[in-house]
Every structure is written in structure tokens, then in C-alpha cells.
Amino acid sequence: MKLLSELKKIVAIDSHEPSGVTELADYYSSAYQSLGFRVKKDRFNNIAATRGKPTILFNAHLDTVAPAHNMKSPFSLRKSGDWVYGLGAADNKAALVALHSVMEKTVPDNVAVVLSANEDNRILHKGQRRRSIYFHLQKNKYAVKRGINCEPSGAGRTTNIYDAIGGKLIFDVVLNGKSVHSSSQKPHDNSIVKAANVIKKLDKLSRGNYTHHGKRFRMGVNIGLINGGTSRNTVAGRTTMACERRLLPGEDVPSIKRKLLRASGKMNLIDEIPPFLYGKSDAFKQNVSDAYKKVFRRQPAFLFTPVSTDSSIFWSMNKTKLLMIGPGELSTAHTAGERLNINQFNDVAKFYSELVKQQ
Ligand SMILES: [Zn+2]
């Protein structure tokens, strides 16, 4: 398989649209089937392709974000020097192509390839709006606890490894007052005023603090959306605030929850995604490090990101820890300048192949 011409073909399929996700799901179902993988496609178009008894799991996703408004011809791969540009060139279609080519070449007997239908977009199922892999992992469990989240981890021409991923507490704060005509208001009726007090308290809470390989991260509560009141001449009877608190590895989550509850009076916890971190002497991390050194001829940089990917869901629902390493530049993903370095693309494919051989 020629990586670049295959990528051109895959980028041309608009998988921001559900029809494109379906097309890719069908394409990869039959591709992995013809390589002798046992393939299961669920109702959401997530794909699980396994051969033998997997000792390593690879995860990538089929969808893309919507094209940025200033992106020129997002579905045709454009080459300039040793870079290619296009929607999904990095996030996440280069990974789909690299994985496919590696499996075609090596046909390993101990691998699970799980392709999420929707990672960059949420889907609605039974009243819950979530990433598609959440619904997949509710029904499907994997015995394999180690693997690779093939998301773009490049910076310029360098490939990094993310060995720590942040989590989050997603919650609403609801303030109730009394909805009366503004001419007959009494103190403590107004839920917006109550919300203002809670905002001050949430803002004063001590921030999380974490240092990863010399880089320091701080994390506080984000109040992302406030919804309150009905009109100018009515006292606001109810105010809702949509909040999140990103979690850093090693944080005492029960204690954070207690503090949030004390500050807000009442909070509805919507979801809790724990952070995770690979231990220094983890054997799988050592394998990955060895494969990396062999292919890239340097020591890998191990980084932390507070942004959650499907790896967070694999961790919280299946206790599978995925190191994040993949083709494409992370900082330009989700922008009009999304790009992939061609040499890095080839090297990451070699690295995946090396890892598969090592298992
Ligand atoms: Zn992605």
C-alpha cells in the first residue's frame, strides 16, 4: 500500500458527515475481514477487528471535525514540500491508513484494532450525548489492558508520546429562587444573584497543581455557560450553570468533589472521567520506548495533555491504558492549517509495525 495515495482516497471521504463515517466503517470492516481479522461492527459504526488473543490494542477514529470556515478544499489532500494538508490528514486519517498498512504487511496474531466512529463529534443515544466509543464499551469488554491511542502527537517534524492524559468532572450547578414580578421581589428570591455568589466561591477554590517532566500545569473550575431568568421584569426563579473541572494525574478526586459541593451548595454530577498516568517502570512503556528509539533514533519525549481523547474512555470503562502516539501535528489539528509531515507519517507506520513485532 502506498501511504500517501491511500490517504488521499480516505481524506476525500467527508466523515464529518454521518454518511462518510458509514462509508469508512464499511471500507475498514471489509479491509480487516479480508486480512483474516474477526470484525464486529456495532450499530454506531464502531469497529472492533481482532486476530488471535490480543496483547496490544490500537485505537483511532473515523470522523473529523467540521471543516474550518477558511479551509480551502478540505477533502482534497494538498502537498507542499514534505507536508500534506487537508481535513483529517492528521486527525485522524493518517492513523487509519498507517494502521491498515501495518496490519496488511505484518498480519499479526495478537492485535485488536478498535476504530471509533465518532471521537470529534458526540452522538445522541437514549438521551445521552457522548462519544461513540462510550456506547461500544458499555457492551464490549476487552481483556487487553495496554495499547496505543493513535491520535496526532507530532510537533513540527518530531513525534512525541503522551503518557499521561487528564480527566474531568462535568457538572451543573442549579440555583433556585422565586419567580415573581420584579415589583414584588424580596431578598434571596433571585437565582441569578445566588449564582453570582457561587461563581465567586468556585473561582476562589484552590487550583490543581501538577508537574510532568518539568512542565507545570494548573487547573481550576470552568463555568462555561449560564442560563437564568426569563425576562427583564421577572425575578429569575432558576439559574443553571454548566461547569467542568479538568483533572490532573494524582489529584484527590473525592476531595475536589467535596470542595465543589461546599462551594456550590448543590451540584449535579453528569460525568466523571478519571485522569491516568503510565508509571515510570511500566513494562509496556519500556517496549514502546525501545521501539521508538529503534525507529526514530532518539529518546522519546513523554508529555501530558489535559485534553481527553477516547483513551480517557478506554481507561474509565475498560481499564485499558493507551499511550497516545500518532502521525500528524497536534497543534494544527482542528484548524484550517491541519497538516501531516510525510516523513513522520512513514516513521510512525514503521513504529507501529515495530511494536506489533515486539509483542
Ligand atoms: Zn482525533
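## A helix pair and a three-stranded sheet

In this predicted model, helix α1 (residues 3–11) and helix α3 have axes that come within 10 Å and cross at roughly 130 degrees. The two helices are therefore oblique to each other, since that is the class left for angles that are not under 35, over 145 or from 65 to 115 degrees. The crossing of α1 and α3 is right-handed.

Who meets whom here? On the α1 side we find Leu3, Glu6, Leu7, Ile10 and Val11, and facing them in α3 are Ala89, Lys93, Ala94, Leu96, Val97 and Ser101. Sorted by class, this contact has eight nonpolar, one polar and two charged residues.

Now to the sheet. Three strands make up an open, antiparallel sheet in the order β4-β5-β22. Because β4 (78–80) and β22 (339–341) each have a single partner strand, they stand at the edges, and one side of each is left without a neighbour in the sheet. On average, neighbouring strands of this sheet are turned by 25 degrees against each other, direction ignored.

Let us look at one pairing in detail. Strands β4 and β5 (residues 83–85) are joined in the antiparallel sense over three bridges. Lysine 79 has valine 84 in β5 as its bridge partner.

Helices also pack on this sheet, and the table sets out α3 and α9.

| Helix | Residues | Strands touched | Angle with β22 |
|---|---|---|---|
| α3 | residues 89–106 | β5 and β22 | about 45 degrees |
| α9 | residues 342–358 | β5 and β22 | about 65 degrees |

Helix α3 thus appears in both parts of this report: its axis crosses that of α1, and α3 packs on the sheet.

Terms used. Residues are numbered from 1 along each chain as its sequence is written. This is a predicted model: local features need pLDDT of at least 70, side-chain atom pairs count only at pLDDT 80 or more; totals for chains, interfaces and linings use all residues. Two strands pair if DSSP finds at least two bridges between them. Helices (H or I, at least four residues) and strands (E, at least two) are DSSP runs, numbered from the N terminus. Axes are lines fitted to C-alpha atoms, for helices over the stretch in contact, and angles run from 0 to 180 degrees between N-to-C directions. Two residues are in contact if their C-beta atoms, placed from the backbone, lie within 7 Å. A crossing is left-handed if the near helix is turned anticlockwise from the far one by less than a right angle, and right-handed if clockwise. Ala, Val, Leu, Ile, Met, Phe, Trp, Tyr, Cys and Pro count as nonpolar, Asp, Glu, Lys and Arg as charged, and the others, Gly among them, as polar.
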